[in-house]
Amino acid sequence: MRIQFDADLLSAHVRDVADFPREGVTFKDITPLLGNPATFSSAVDAVVVSFGRGSIDKVVGIEARGFIFAAPVAYHFGAGFVPLRKEGKLPHDTMRETYELEYGTETLEIHADACGDGDRVLIVDDVLATGGTAAAACELVERTGAQVAGLAFVIELTDLGGAQRIADHDYFSLLTY
Ligand code: AMP
C-alpha cells in the first residue's frame with residue numbers, strides 16, 4: 001500500500017546546498033524537513049504505511065541521517081532498531097562490508113547478533129544516490145541470516161542509478177529528483 005502525502009510540501013523543505021561537502025556535489029539538506037513537525041511526521045508515516053504495520057521485525061538505520069528516520073519508523077512498527085555504523089563505532093562483534101565511493105572506500109558494520117534467521121528487516125536511509133551504501137547494507141543484513149523485506153529512502157537521486165544496485169528488493173522513495 002502507498003500512502004498519499006504532500007510531496008510538494010516535503011520537497012519545499014529539502015534545501016539544495018551547492019558544492020557541499022565538496023565542489024560539484026549538490027547536497028540535499030533535510031534539516032528543514034526534520035525541523036518542521038508536519039513534514040517530519042508525514043515522512044515517517046509514509047514509510048510506515050507503505051510497508052505495513054506488523055510486517056517488519058527490525059528496522060536498520062544507516063549512520064548517521066538514516067538513524068533519524070529509522071528510529072521513529074521502528075517505534076511505529078513495534079519493531080527493533082538496528083544501527084548500521086561506520087567502521088570502529090560498534091563495540092561488540094561485527095560483520096563488515098567495504099564498498100567503493102566516488103573517491104575512496106567506505107566500510108559499514110553491523111553487530112553480528114543484531115538480527116538473524118527469520119527476521120524481516122527494513123533498511124532506512126535519507127538519500128539513495130549511487131546505491132553503494134544501500135547495496136552494502138543489504139549484503140550485511142543478509143549475512144546475518146535475516147531477510148531484507150524492503151528499503152526506504154526520503155530522497156532518490158535517479159540519475160545516479162542507485163535503484164539498479166537494489167533491484168532484487170522492494171524499495172520506496174518519498175521524493176525523486
Ligand atoms: P550512495 O552510496 O552513493 O547511494 O550514497 C548514499 C549515502 O550518501 C547516503 O547515506 C546519503 O546520506 C549520502 N549522500 C549521497 N549523496 C548525497 C546528496 N547529494 N545529498 C545528501 N546526502 C547524500
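The shell around the ligand has four nonpolar, five polar and four charged residues. This is a predicted model. The shell holds 13 residues in total, and Asp125, Asp126, Thr130, Gly131 and Thr133 come nearest to the ligand.

Start with the polar contacts. A polar side-chain atom of aspartate 126 is 2.7 Å from an oxygen atom of the ligand. The backbone takes part as well. A polar backbone atom of alanine 129 lies 2.9 Å from an oxygen atom of the ligand. Glycine 132 also offers a polar backbone atom, at 3.4 Å from an oxygen atom of the ligand. Taken alone, the ligand has 490 Å² of accessible area, and the protein covers 82% of that area.

Next, the site itself. The ligand sits in the largest pocket. Three elements give two or more residues each to the shell around the ligand: strand E2 (26-29), strand E7 (120-128) and helix H5 (132-143).

Now step back to the whole pocket. The largest pocket contains about 1100 Å³ of space. It is lined by 32 residues, and Arg65, Leu101, Val127, Ala129 and Thr133 are the closest to its centre. Two of these names have come up before. Thr133 is also among the residues that come nearest to the ligand. Ala129 is the residue with a backbone atom 2.9 Å from a ligand oxygen.

Which elements supply the pocket lining with at least two residues each? They are E2, helix H4 (65-77), strand E5 (94-100), strand E6 (105-111), E7 and H5. E7 makes the largest share of this lining, with four residues. By class, the pocket lining divides into 15 nonpolar, seven polar and 10 charged residues.

Apart from the pocket, there is enclosed space to look at. Rolling a probe the size of a water molecule over the atoms shows where empty space is left. For cavities of 30 Å³ or more, the count comes to one. The largest cavity has a volume of about 30 Å³. Its lining consists of Ala43, Val47, Phe69, Val124, Asp125, Ala152, Phe153, Val154 and Leu174. Helix H3 (37-51), E7 and strand E8 (147-156) are the elements that give two or more residues to this lining. The largest share, three residues, comes from E8.

What is the class make-up of the lining of the largest cavity? Eight residues are nonpolar, none is polar and one is charged. Asp125 belongs to this lining. Asp125 also stands among the residues that come nearest to the ligand. E7 recurs too. It gives two or more residues to the ligand shell, and it gives two or more to the cavity lining.

Finally, check the backbone. Two peptide bonds deserve a look. One is cis and joins phenylalanine 20 and proline 21, with omega at about 0°. Proline 21 is in the loop between strand E1 (15-18) and E2. The other runs from glutamate 63 to alanine 64 and is also cis, with omega near -5°. Alanine 64 is found in the loop between strand E3 (58-62) and H4.

One phi value rounds off the tour. Aspartate 19 has phi near 55°, which is positive although the residue is not glycine. Where does aspartate 19 lie? Its place is in the loop between E1 and E2. Proline 21 is in that loop too.

Note on methods
Residues are numbered from 1 along each chain as its sequence is written. This is a predicted model: local features need pLDDT of at least 70, side-chain atom pairs count only at pLDDT 80 or more; totals for chains, interfaces and linings use all residues. Side-chain values use heavy atoms; hydrogens and water are left out. A residue is near a molecule or strand if one of its heavy atoms lies within 4 Å of it. A polar contact is a pair of N or O atoms within 3.5 Å; within protein, one must be able to donate a hydrogen and the other to accept it, and residues adjacent in sequence count only if both atoms are side-chain atoms. Accessible areas come from the Shrake-Rupley method with a 1.4 Å probe; for residues, only the protein chains shown count as cover. On a 1 Å grid over the protein atoms alone, a cavity is a set of points where a 1.4 Å probe fits but cannot get out, and a pocket is an open set with protein on both sides within 12 Å along at least five of seven lines; lining residues have an atom within 4 Å of a point. A molecule sits in a cavity or pocket if more than half of its atoms lie within 2 Å of its grid points. Ala, Val, Leu, Ile, Met, Phe, Trp, Tyr, Cys and Pro count as nonpolar, Asp, Glu, Lys and Arg as charged, and the others, Gly among them, as polar. Grid points are joined across faces, edges and corners, and a volume is the space filled by probe spheres set on the points.
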